[in-house]
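Trainee: I've got a new model open and I'd like to learn how to read it. Can you walk me through it feature by feature?

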Amino acid sequence: MDHAAEHLDPTTPAPSSAASSSALAEVNAWLASLAAEAGVAGGAVGRGGGGGAAAELSLGSDPTPRGVAYLRALASASQARSRAAGIAAAGLRAQAAEYRAEAARLREALERAGLARDALPPPAAAAARAVAAVANLLAIRDTEMSSFVVASADLSLRRPEVEEKRDKVHKESKALLDYTRKAINKLTELKKMLEKFKNDVEKQQVDQMADWQTKLVMMDSKERQYILQVSNYKAMLNRVGYTPEINHGVLMEMAEHKKDLERKTKPIADTLRSYQDLPPDKALAALAIEDKKRQYAAAEKYLEDVLQSALTTTGL
C-alpha cells in the first residue's frame, strides 16, 4: 500500500478557520489543474468537453471542513504520485534516449563493416535473429561467448529449482483436481439428498395435512359433545336452583358449618346408637336393663374372686 494513503483519513480532526481557508485554496487549485488537464484531454478527442469537466470539478458554496481536509490529503497524495511518476518518466526517457543513441552507433558501425541487417543474406539474418532471440531469452545484452556460458550456467542452476517448482505445482494441481472431483461427487450426493428430502417433505406434508384433517374432524365432534355437556350442566344447575351468588366462599362456609354440626351431633348420635339394642317396650327395656345390671354385678364379683385368689397365692 502507498504511504500517501495513510494521510487519507476522514476521521482526522477539523482544522481551524485560517488553516481551512488555506486548505480550501489548495484544494481549489488542485481541482483547477485537474479541470485543465481534463479540458486538454477532452480537446484532443473533441471540442466542448473541457468546459463541462471544469464546471464539475469545483467545491460547493459551503464545503464541510472534514471534506476539505479529505480532499487536501487526496490532493497531496495525488501531487506526490505525480512528482514520482514524472521523475520515473524522465529517467525512463533518458534511458530510452541512451539506448536509441547506442543502437544508432551500433547500426552505423555495422553498416561501415558491411554487416547491416539489410545487407545480410537470409541465412545470416535468420542466424542473427536466432542469436537475438536467445539473448533476449537469457536476458543478456551482448553476444559474447562468456555471457552465453554464464547465462547457460545460471539457467542450468535454476533448472532443478524450476523442476522442483513444477513438480510441486503438478502435485498441487493434482491434489486440487482430486479435491475438485470429490467436491463434485459430494455436490452430486447433496443434490440427490436434497431431492430425496424434498420428496420426503412433500410426503410428510401430505401425511401431516391428512392427520390434521382427521384431528379437525375429531375436534369438531368433541366441540359438539362439549357444547351439549355444557348445555346439560346448565339445565341441571337450573333444576337444582344454582345461582351465581353461590360461589366458592359460600360453599366453603357451608362446609365448615356442616362440619361444626357433625361435631356437635356426634356424641348424641353415639348415645342414641347405644340404645338401639333396647326393645321398644318400656317394661321389656327395664327388664333388659336389670339383666345388664346383674351381668355387670356378676362380672364384678368374678373379678374380685380372681383378685382375691391371686393375692392369696402371692402371700403363700
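Trainee: Which pattern does the chain follow along the sequence?

Mentor: Start by listing the elements in order. This is a predicted model, and reading along the sequence gives α-α-α-α-α-α-α. That's 7 helices and 0 strands.

Trainee: How many of the residues are buried?

Mentor: For that, look at relative accessible area, where buried means under 20%. Here buried residues make up 7% of the 316 residues in the chain. The chain exposes about 26700 Å², with carbon and sulfur atoms supplying 62% of that area.

Trainee: And what about contacts between residues far apart in sequence?

Mentor: Take the contacts with a separation of 6 or more: 62% of them join residues 24 or more positions apart.

Trainee: Now helix H5. What span should its residues have?

Mentor: Count residues, then compare the expected span with the distance between the ends. H5 covers residues 145-239, which is 95 residues, so at 1.5 Å a residue it should span 141 Å. Its end C-alpha atoms lie 131 Å apart, which agrees.

Trainee: Where in H5 is the kink?

Mentor: Follow the helix axis and look for a change in direction. In H5 there's a kink of about 30° at Arg159, shortly before the proline Pro160.

Trainee: Which residues of H5 are buried, and what do they pack against?

Mentor: Ser147, Phe148 and Ala151 are the buried ones. The buried residues of H5 pack against helix H4, residues 122-138.

Trainee: What comes just after H5?

Mentor: Check the backbone angles there: Gly241 takes a positive phi of about 80° just after H5.

Definitions and conventions:
Residues are numbered from 1 along each chain as its sequence is written. This is a predicted model: local features need pLDDT of at least 70, side-chain atom pairs count only at pLDDT 80 or more; totals for chains, interfaces and linings use all residues. Side-chain values use heavy atoms; hydrogens and water are left out. Helices (H or I, at least four residues) and strands (E, at least two) are DSSP runs, numbered from the N terminus. Buried means under 20% relative accessible area, exposed over 50%, partly exposed in between (1.4 Å probe, protein chains only). Contact means heavy atoms within 4.5 Å. Accessible areas come from the Shrake-Rupley method with a 1.4 Å probe; for residues, only the protein chains shown count as cover. The expected span of a helix is 1.5 Å times one less than its number of residues. The bend at a residue is the angle between axes fitted to the seven residues ending there and the seven starting there.
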